[in-house]
Amino acid sequence: MEFLYEYGLFLAKAATVVVAIAVIVAIVVSASVKPKSDKGELRLTDLSDELAGLKHDLHAELLDKKAFKQYEKQLKAEQKAKEKAKDADTSAPSRVFVMDFKGGIEAAEVASLRREISAVLAVATDKDEVVVNVESGGGMVHGYGLAASQLERFRAANIPLTICVDKVAASGGYMMACVANQIVAAPFAIIGSIGVVAQLPNFNRLLRKHDIDYEQHTAGQFKRTITMFGENTEEGREKFREELEETHQLFKGFVGRYRPSLVLDKVATGEHWYGQQALDLGLIDKVGTSDDLLMTLANDRQVYKVQYQIKKKLTDKLGHAASVLVNACIDSLVLRNRSV
């Protein structure tokens with residue numbers, strides 16, 4: 001088994017090298033090609049019909065012919081009743097629009113999110129509802145600040161917003177989640193981490209050791225407080241810490257505006273909690289999965305998934321493949337020594 005593990009790891013490393021070379025080649029090729037438009041396409045999927053289809057297929061497999069015919073007869077009667085009620089009701093239908101947000105460090109995915117939100121706002125009314133599945137451990141302040149601001153557009157339009165967290169909504173991810181009217185998280189979803197962190201290496205001593213000079217010219221006392229290559233001063237460090245604290249206070253104020261019942265001094269310590277703990281602290285409103293919520297909503301409302309897909313370039317696809325491969329190698333090493 002040890003041999004197979006080492007051999008598999010070797011193959012993974014070799015594949016990583018191959019993908020890396022392919023990415024470099026693709027970059028060179030794309031540099032000589034006229035860039036194409038980054039426009040994508042909006043896709044609308046009827047999740048209610050998908051769920052109904054799955055239910056019908058399972059009944060077809062599990063029931064005998066007589067029972068299945070009776071089931072189909074009942075199904076047709078229910079469908080006719082719904083259509084009759086729909087014709088009698090002249091008001092606008094109540095719908096649910098679902099979106100996914102799986103964010104990286106830079107929250108670049110907000111480019112698709114803002115288009116999805118604009119599309120929904122063009123047709124939605126205050127009788128509709130929006131569900132956003134958020135999965136993110138946070139990242140850059142300005143990126144997640146923009147993502148949270150996009151979600152605020154639903155609140156401004158008086159459209160009920162529910163955020164579902166199946167895995168993680170921490171730091172910037174929770175900044176997005178707290179905007180919602182309701183937050184639903186799975187029992188072991190990671191919630192919170194209301195804090196700010198910044199770190200960078202300093203190579204100044206290494207440069208001096210090799211007699212390498214580094215010059216940095218600025219206008220303004222605190223234009224650059226901390227640097228990677230220059231010599232950092234205590235004054236610069238103190239200013240940098242002040243800026244981090246100011247950002248933290250803004251973060252706390254933002255969360256407090258949407259969840260005023262929270263005891264911020266208790267939850268805004270940078271710590272994270274799991275679903276049930278987060279419920280006890282008031283960080284979320286309900287423990288459950290997005291699947292349970294959508295199945296419940298689909299019982300009496302039409303549920304649509306809205307997805308805007310930006311066409312990826314060849315370099316982006318190869319880069320993503322390389323990233324997945326590297327992460328798989330790292331995960332295999334971690335799981336070898338740890339399990340739950």
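These are my notes on a nonpolar surface patch and the aromatic rings in it.

**Ground rules.** I am working from a predicted model, where local features need pLDDT of at least 70, side-chain atom pairs count only at pLDDT 80 or more, and totals for chains, interfaces and linings use all residues. Residues are numbered from 1 along each chain as its sequence is written, and side-chain values use heavy atoms, with hydrogens and water left out.

**The patch.** I looked up the nonpolar patch and found Leu 200, Phe 203, Leu 206, Tyr 214, Met 228 and Phe 229 making about 480 Å² of surface. Patch members have over 30% relative accessible area and no salt bridge, and nonpolar side chains (Val, Leu, Ile, Met, Phe, Trp, Tyr) are joined within 5 Å.

**Leu 200.** I placed this residue in the loop between strand 7 (190-192) and helix 7 (204-209); helices (H or I, at least four residues) and strands (E, at least two) are DSSP runs, numbered from the N terminus. Leu 200 is partly exposed at 36% (buried is under 20% relative accessible area, exposed over 50%, partly exposed in between; 1.4 Å probe, protein chains only).

**The rings.** I counted seven aromatic pairs, meaning Phe, Tyr or Trp (six-membered) rings with centres within 6.5 Å; planes under 30 degrees apart are stacked, over 60 edge-to-face, the rest tilted. Phe 203 and Phe 229 are stacked, because their centres lie 5.8 Å apart and their planes meet at 25°. Tyr 214 and Phe 229 sit 5.5 Å apart at 50°, so I noted that pair as tilted. Ring pairs thus join Phe 203, Tyr 214 and Phe 229 in a cluster. Tyr 214 is partly exposed too, at 35%.

Notes: Patches are made of residues with over 30% relative accessible area and no salt bridge: like charges are joined within 9 Å, nonpolar side chains (Val, Leu, Ile, Met, Phe, Trp, Tyr) within 5 Å. Accessible areas come from the Shrake-Rupley method with a 1.4 Å probe; for residues, only the protein chains shown count as cover. A salt bridge is a side-chain nitrogen of Lys or Arg within 4 Å of a carboxyl oxygen of Asp or Glu.
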